[in-house]
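Please find below a note for a colleague who is meeting this structure for the first time. The points are numbered so that each may be checked against the model.

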Amino acid sequence: MIPLLAHYKEKWAVESEQSIKPGLTAIREAMMLLGHPEQGMAYVHIAGTNGKGSTLTFIEKIALNHNLSVGKFMSPCIVDFHDQIQIDETPITSAQVDAIFQVMKDAGLSGKLTDFELLTCIALIHFKNENVNLVLLEAGMGGREDSTNIVLPIVSVIPTIALEHTNFLGTTIEAIASHKAGIIKAGRPVVLGALSKEAMRVMQEEAFAKQSPIYALNDYFSVVMEHEAEMYHLNKKGLKMGPLQRQLLGRHQKDNMAIAITAFIEVAKAFRMKLNVGAIQKGVHETTVPGRFEEVLPNVYFDGAHNPASAEALAHMLQENYANMDIEIVMGMLADKDVEAVLALLQPLAKKMIFIDVPNERAMPAQKLAALSKHPNKAVVSDVVTFLQQPMNGGTIRVVTGSLYLLAAIRANLKKM
């Protein structure tokens with residue numbers, strides 16, 4: 001369920017299905033009925049398992065500091081779907097959504113699309129209406145058959161690949177990589193993070209078939225430490241850039257930053273723009289992402305680690321930066337995630353585990369989650385907002401994690417207080 005979308009659907013009598021239906025037939029028909037709002041714009045298309053949101057935001061900040069207007073479409077929402085569709089960091093307004101629903105109703109889209117396909121249409125119409133310079137488009141699930149895969153991007157970006165959505169994408173890394181590789185377009189470069197050999201092989205085959213250059217982390221580009229500062233290297237061109245100071249902590253964010261810079265270099269080439277190193281440094285430093293180790297209350301952090309790969313990244317970051325602190329993990333998860341693997345990665349770091357319910361039909365009950373936990377110090381909390389506001393001693397931090405839907409729900413309740 002996409003928060004608040006039902007309100008507009010009911011208001012405008014536009015129907016769409018909540019189910020997931022991979023495939024491009026319906027969205028292509030919708031684009032034709034709408035007069036092809038997807039055409040004539042400059043895109044960066046991002047797919048992958050983890051790191052999409054952070055990489056997208058690094059690119060956004062760098063682009064904004066180069067004085068480009070930037071539209072972004074990302075998933076899931078922070079509070080409701082308005083914040084999934086932004087221009088220059090400003091969410092789409094209710095009035096703009098109403099105007100777009102009128103257009104979609106007049107085009108006869110009712111009953112033809114899923115919710116996410118409808119949301120994709122809203123985003124593309126909005127960006128076309130506002131004539132943005134650059135659109136950053138995050139795939140909702142997979143890539144090849146995702147509704148965002150109807151654009152011709154300047155560059156495609158795939159930061160990571162791990163097992164996810166196995167009921168739709170397949171049960172092997174190769175199968176999932178094949179879905180992600182579908183965003184690679186003929187003759188257009190793809191920027192890749194540190195992928196496994198199996199995933200990289202799939203990417204190479206797709207890129208070779210489409211004659212698309214591959215720019216891979218630690219091969220074509222890298223970030224290295226020089227004089228205790230991070231420096232970006234475009235290895236085969238001898239280009240160096242830095243020092244770079246980021247607020248997003250963790251080794252995985254260093255990779256995401258490097259991937260974003262490499263992608264933006266391709267944007268600058270396409271726009272025939274001169275790269276501004278100062279703008280890149282400023283963009284990197286300004287990048288923060290809701291739900292990516294975000295401090296929401298004193299010593300209370302949100303991090304949307306919802307699968308083993310993102311839980312491992314969170315665990316590394318906590319070990320590197322908070323090893324001398326008592327860590328309380330506050331967790332709620334969806335039942336279709338690899339719950340036991342996430343628990344195994346995060347429990348060893350926690351002084352205490354607190355389990356909570358996620359307001360989502362796919363959620364695993366907090367009591368069941370607690371039963372799966374082997375931690376000696378664990379509890380189930382029903383009123384998480386009150387719990388998070390309780391004082392802690394100075395040597396303790398609380399990390400709320402396990403589901404982006406959970407973070408959105410808690411954030412909405414915190415705002416009401």
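1. The model is a predicted one. A convenient place to begin is a single aromatic cluster formed by Tyr8, Phe81 and Phe101. A search of the whole structure finds 8 aromatic pairs. One of these joins Tyr8 and Phe81 in an edge-to-face arrangement, with 5.6 Å from centre to centre and 80° between the planes. Distant parts of the chain are linked by this pair: Tyr8 belongs to helix H1 (residues 5-12), while Phe81 lies in the loop between strand S2 (70-73) and strand S3 (85-87), 73 residues apart.

2. Are the members of this cluster buried or exposed? Tyr8 counts as buried because its relative accessibility is 2%, below the cut-off of 20%. Phe81 is likewise buried, with a relative accessible area of 0%. The pair of Tyr8 and Phe101 is stacked, at 5.8 Å centre to centre and with 20° between the planes. This pair also links distant parts of the chain, since Phe101 is in helix H4 (residues 94-106) and Tyr8 is in helix H1, 93 residues apart. Phe101 is buried, as is Tyr8.

3. A further ring deserves a mention. Arg398 lies over the face of Phe387, at 4.4 Å from the ring centre.

4. Attention may now turn to the nonpolar interior. The largest nonpolar core has 40 residues, and those with the most contacts inside it are Val44, Leu134, Val191, Phe221, Tyr232, Ile261 and Val284. The most is given to this core by helix H9 (residues 251-270), with 10 residues. Leaving aside residues up to four places away in sequence, Val44 touches Ile59, Leu134, Val135, Leu136, Leu137, Pro153, Val155, Val157 and Val267. Another core, of 37 residues, lies apart from the largest one; Met104, Leu118, Leu137 and Ile150 are among its members.

5. Helix H2 (residues 25-33) has buried residues Ile27, Ala30 and Met31. Why do the buried residues of H2 line one face of the helix? Seen down the axis of H2, they fall within an arc of 100°, and therefore they line one face. In general, an α-helix has 3.6 residues a turn, so residues three or four places apart point the same way. On the other side of H2, Thr25, Arg28 and Met32 are exposed. Helix H5 (115-130) is included in what covers the buried residues of H2. Just after H2, Gly35 takes a positive phi of about 85°.

6. Several backbone details merit inspection. As background, most residues other than glycine have a negative phi, and most peptide bonds are trans. A cis peptide bond joins Ser75 and Pro76, with omega of about -15°; Pro76 is found in the loop between S2 and S3. Gly242 and Pro243 are also joined by a cis peptide bond, with omega of about 0°, and Pro243 is found in strand S11 (residues 239-244).

7. Two asparagines should be examined for their phi values. Asn67 has a positive phi, near 65°, and is placed in the loop between helix H3 (52-64) and S2. Asn67 counts as exposed because its relative accessibility is 71%. For Asn218, phi is positive and near 70°, and the residue lies in the loop between strand S8 (214-216) and strand S9 (221-226). Asn218 is exposed, with a relative accessible area of 56%.

Notes. Residues numbered from 1 in each chain as written. Predicted model: local features only at pLDDT ≥ 70, side-chain atom pairs only at ≥ 80, totals over all residues. Heavy atoms only, no water. Phe/Tyr/Trp six-rings, centres within 6.5 Å; stacked < 30°, edge-to-face > 60°. Helix = DSSP H or I, 4+ residues; strand = E, 2+ residues; numbered from the N terminus. Buried < 20%, exposed > 50% of the residue type's maximum accessible area, 1.4 Å probe, protein only. Lys NZ or Arg CZ within 6 Å of the ring centre and 35° of its normal. Core = buried A, V, L, I, M, F, W, Y, C linked by side-chain atoms within 4.5 Å. Contact = heavy atoms within 4.5 Å. Arc of directions from axis to C-beta.
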